[in-house]
Amino acid sequence: MSDIDAINNKDSFGNLQQYYLNIIDAMPHIVYILDKNCVLTGGNRNLRNFLGLEQIEELNGTFYTQLVNHQHFSEERIQLLKQYDINALLSGAAQYNTIEPPIVDPEGNIIHLSATRVPLLDNNKTVVGLVVILNDISERKKLDEQLEKIKKELKKINNESKGNQKEKI
């Protein structure tokens with residue numbers, strides 16, 4: 001069965017909403033969905049793992065409170081994340097691959113994230129929610145830092161080599 005057939009045959013997944021939730025759940029990044037009041041309405045498996053939950057329904061308090069409770073985010077960092085989400089909701093404009101300030105996980109590892117925020121619109125083009133995709137770019141950040149260090153070392157070697165050649169002349 002093709003994807004188009006699956007979409008057209010809503011009964012194959014129970015309903016169309018469940019079909020899309022299955023797609024979101026399979027995404028390799030942390031995905032969460034907020035309504036227009038910043039209330040969490042859904043999220044994928046990676047979000048549940050990040051929060052230490054089996055089901056989104058286990059969420060105690062707000063989404064932002066849960067982040068503080070799991071010590072992934074400081075209170076300051078939560079306010080900043082919430083402000084970014086609110087700004088995206090108010091502007092109605094998508095924001096792609098925004099580099100977030102780093103966070104420290106409970107083991108002391110620094111986590112670098114990039115965020116994509118896309119407002120969800122109804123048929124009248126009114127913002128009714130927001131989907132946020134957080135991509136862990138920590139490994140890429142480490143590789144970029146290593147590459148920068150190698151470039152500096154090569155530049156230093158190259159400059160020393162040029163200096164040695166001038167001395168010989």
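**Figure 1. Tyr20 and its ring partner, Tyr19.** In this predicted model, Tyr20 is partly exposed, with a relative accessible area of 40%. Its partner tells another story: Tyr19 counts as buried, at 9% relative accessibility, because buried means under 20% relative accessible area. The rings of Tyr19 and Tyr20 form an aromatic pair, one of 3 found in a search of the whole structure. Their centres lie 5.4 Å apart, and the planes meet at 70 degrees. Such a pair is called edge-to-face because the angle between its planes is over 60 degrees.

**Figure 2. A cluster of rings.** Here we turn to another group of aromatic side chains. Tyr32, Phe63 and Tyr64 are linked into a cluster by ring pairs. Two members of this cluster, Tyr32 and Phe63, come back in the next view, where they help line a cavity.

**Figure 3. The cavity and its lining.** A search of the whole structure turns up 1 cavity of 30 Å³ or more. The volume of the largest cavity is about 30 Å³. Around it you will find Ile30, Tyr32, Leu47, Phe50, Phe63, Leu67, Phe73, Leu81 and Leu134. By class, this lining has 9 nonpolar residues, with no polar and no charged ones. At least two lining residues come from each of strand E1 (30-35), helix H3 (45-51) and helix H4 (63-69).

**Figure 4. Asn44, a buried side chain with backbone contacts.** Look for Asn44 in the loop between strand E2 (40-43) and H3. Asn44 is buried, with a relative accessible area of 0%. Where does the side chain of Asn44 reach the backbone nitrogen of another residue? It does so at Leu47, at 3.0 Å. A polar atom of the Asn44 side chain also lies 3.5 Å from the backbone oxygen of Ile24. Leu47 may look familiar, since this residue is also among those that line the largest cavity.

**Figure 5. Strand E6 and its two antiparallel partners.** Strand E6 (residues 113-121) runs antiparallel to strand E3 (residues 95-99), and 3 bridges join them. On this side, Thr98 stands opposite Ala115 of E6. E6 also runs antiparallel to strand E7 (residues 127-136), and here the two are joined by 9 bridges. One place to look is Leu120, whose bridge partner in E7 is Gly129.

**Figure 6. The hairpin of E6 and E7.** This last view follows the chain from one strand to the next. The hairpin has 5 residues between the strands. Lys125 is the residue to find here, as it takes a positive phi near 65 degrees.

Key: Residues are numbered from 1 along each chain as its sequence is written. This is a predicted model: local features need pLDDT of at least 70, side-chain atom pairs count only at pLDDT 80 or more; totals for chains, interfaces and linings use all residues. Side-chain values use heavy atoms; hydrogens and water are left out. Rings of Phe, Tyr and Trp (its six-membered ring) pair if their centres lie within 6.5 Å; planes under 30 degrees apart count as stacked, over 60 as edge-to-face and the rest as tilted. Buried means under 20% relative accessible area, exposed over 50%, partly exposed in between (1.4 Å probe, protein chains only). On a 1 Å grid over the protein atoms alone, a cavity is a set of points where a 1.4 Å probe fits but cannot get out, and a pocket is an open set with protein on both sides within 12 Å along at least five of seven lines; lining residues have an atom within 4 Å of a point. Grid points are joined across faces, edges and corners, and a volume is the space filled by probe spheres set on the points. Helices (H or I, at least four residues) and strands (E, at least two) are DSSP runs, numbered from the N terminus. Ala, Val, Leu, Ile, Met, Phe, Trp, Tyr, Cys and Pro count as nonpolar, Asp, Glu, Lys and Arg as charged, and the others, Gly among them, as polar. Two strands pair if DSSP finds at least two bridges between them. A polar contact is a pair of N or O atoms within 3.5 Å; within protein, one must be able to donate a hydrogen and the other to accept it, and residues adjacent in sequence count only if both atoms are side-chain atoms.
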